[in-house]
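Please explain how this protein chain is built, beginning with a single residue in a loop and working outward to the whole chain. A formal account in running paragraphs, suited to a first-year student, would be welcome.

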Amino acid sequence: MNKRPTILATRDAPYDHFRKVEEVDLEFSNGERRTFHRLKSGGFGAVLIVAMRDPETVLLVREYGVGIDRYELGAPKGRIDEGETAEQAADRELKEEIGFGACKVRPLGTLSLSPSYMSHTIQVMLAEDLYPERLPGDEPEELEVVPWHMDNLHELIARDDVTDGRSIAALFMAREYLAGRYRPT
């Protein structure tokens, strides 16, 4: 595992084109009025990919998360670029992050990160029939790829370095889909 980066400084960030905070004035059905703040997402959306190396094994990545200042194990994910479909973005992100493309990519559903104060959602994609292909990515360092057996998800969620709720939910969605117990709407 790589040595954790050193935080050199922190400061309030200026507005950027990916995120902005907006005030939302609401009136509820009982007449109560409130103003809420929410973090508004920009861009064209995002994907989180459950990449199946074989029917029993998912490929995860270990990546530094600046929000919690440590390395986390989770599913590959990334932004959808202008003009891309979610399927195309998922395939590109796989090539950039784990060095594999996918012959089959299908949507499993959409997850929100924190619906109380963020508008951001991420599309969960299942990638199967993987083949080796690497594209240059935008990560500052190479990501460690970690195979994980789907029958051992209970062990994965017990780890200290697995806290991304979106990755955990996506893995269970994929497991239930692959077992025939879940069908996306």
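Asp69 is partly exposed, because its relative accessible area is 22%, and residues count as buried under 20%. The model in which Asp69 is seen here is a predicted one. Asp69 lies in the loop between S4 and S5. Its backbone deserves attention, since phi of Asp69 is near 55°, a positive value in a residue other than glycine. Most residues other than glycine have a negative phi.

The surroundings of Asp69 form a recognisable unit. Strands S4 and S5 make up a hairpin with four residues between them, and Asp69 sits in the turn. Strand S4 covers residues 57–65, and five bridges join this strand to S5 in an antiparallel arrangement. Within this pairing, Arg62 stands opposite Leu73 of S5. Strand S5 itself spans residues 70–74 and is mostly covered, with four of its five residues buried.

A positive phi also appears at Asp129, where the angle is about 55° although the residue is not a glycine. Asp129, however, is found in strand S8. How exposed is Asp129? With a relative accessible area of 45%, Asp129 is partly exposed.

From these single residues, one may turn to the chain as a whole. The protein chain has three helices and nine strands. Read along the sequence, these elements follow the pattern β-β-β-β-β-β-α-β-β-β-α-α. The C-alpha atoms fill a box of roughly 55 × 45 × 40 Å, taken along the principal axes. Contacts across the sequence are also informative: among those between residues at least 6 apart in sequence, 64% join residues at least 24 apart.

The surface and the interior can be described in a similar way. Of the 185 residues of the protein chain, 36% count as buried. The accessible surface comes to about 11400 Å², and 50% of this area belongs to carbon and sulfur atoms. The chain carries 24 positive and 34 negative charges, and the mean positions of these two sets are 2 Å apart.

Which residues touch the most other members of the largest nonpolar core? They are Val50, Val58, Leu156 and Leu171, in a core of 24 residues. The elements that give two or more residues to this core are the strands S3 (46–54), S4, S7 (100–112), S8 (121–132) and S9 (144–149), together with the helices H2 (153–156) and H3 (165–178). Helix H3 gives the most to this core, with five residues. Leu156 illustrates how such contacts bring separate parts of the sequence together: leaving out residues up to four places away in sequence, Leu156 touches Leu60, Leu73, Trp148, Val162 and Leu171. A second, separate core holds 16 residues, including Val47, Ala51, Ala86 and Ala90.

Helix H3 also contains a residue of another kind, Ser167. Is Ser167 buried or exposed? Ser167 is buried, because its relative accessible area is 1%. Apart from residues up to four places away in sequence, Ser167 touches Leu48, Gly74, Ala75 and Lys77.

Phe44 presents another case. This residue is placed in the loop between strand S2 (33–41) and S3. Phe44 counts as exposed, because its relative accessibility is 52%, and the limit for exposed residues is over 50%. Phe44 nevertheless has contacts: residues up to four places away in sequence aside, Phe44 touches Ile80, Asp81 and Glu82. Phe44 and Glu23 are 21 residues apart in sequence, and their C-alpha atoms are 22 Å apart in space.

A final example is Glu32, whose place is in the loop between strand S1 (19–27) and S2. Glu32 is partly exposed, with a relative accessible area of 37%. Beyond its neighbours within four places in sequence, Glu32 is in contact with Leu26 and Glu27. Between Glu32 and Gly109 there is a separation of 77 residues in sequence and of 33 Å in space, C-alpha to C-alpha.

Definitions and conventions: Residues are numbered from 1 along each chain as its sequence is written. This is a predicted model: local features need pLDDT of at least 70, side-chain atom pairs count only at pLDDT 80 or more; totals for chains, interfaces and linings use all residues. Side-chain values use heavy atoms; hydrogens and water are left out. Buried means under 20% relative accessible area, exposed over 50%, partly exposed in between (1.4 Å probe, protein chains only). Contact means heavy atoms within 4.5 Å. Accessible areas come from the Shrake-Rupley method with a 1.4 Å probe; for residues, only the protein chains shown count as cover. Lys and Arg count as positive and Asp and Glu as negative; His and the chain ends are not counted. The place of a charge is taken as NZ of Lys, CZ of Arg, CG of Asp or CD of Glu. Two strands pair if DSSP finds at least two bridges between them. A nonpolar core is a set of buried Ala, Val, Leu, Ile, Met, Phe, Trp, Tyr and Cys residues joined through side-chain atoms within 4.5 Å.
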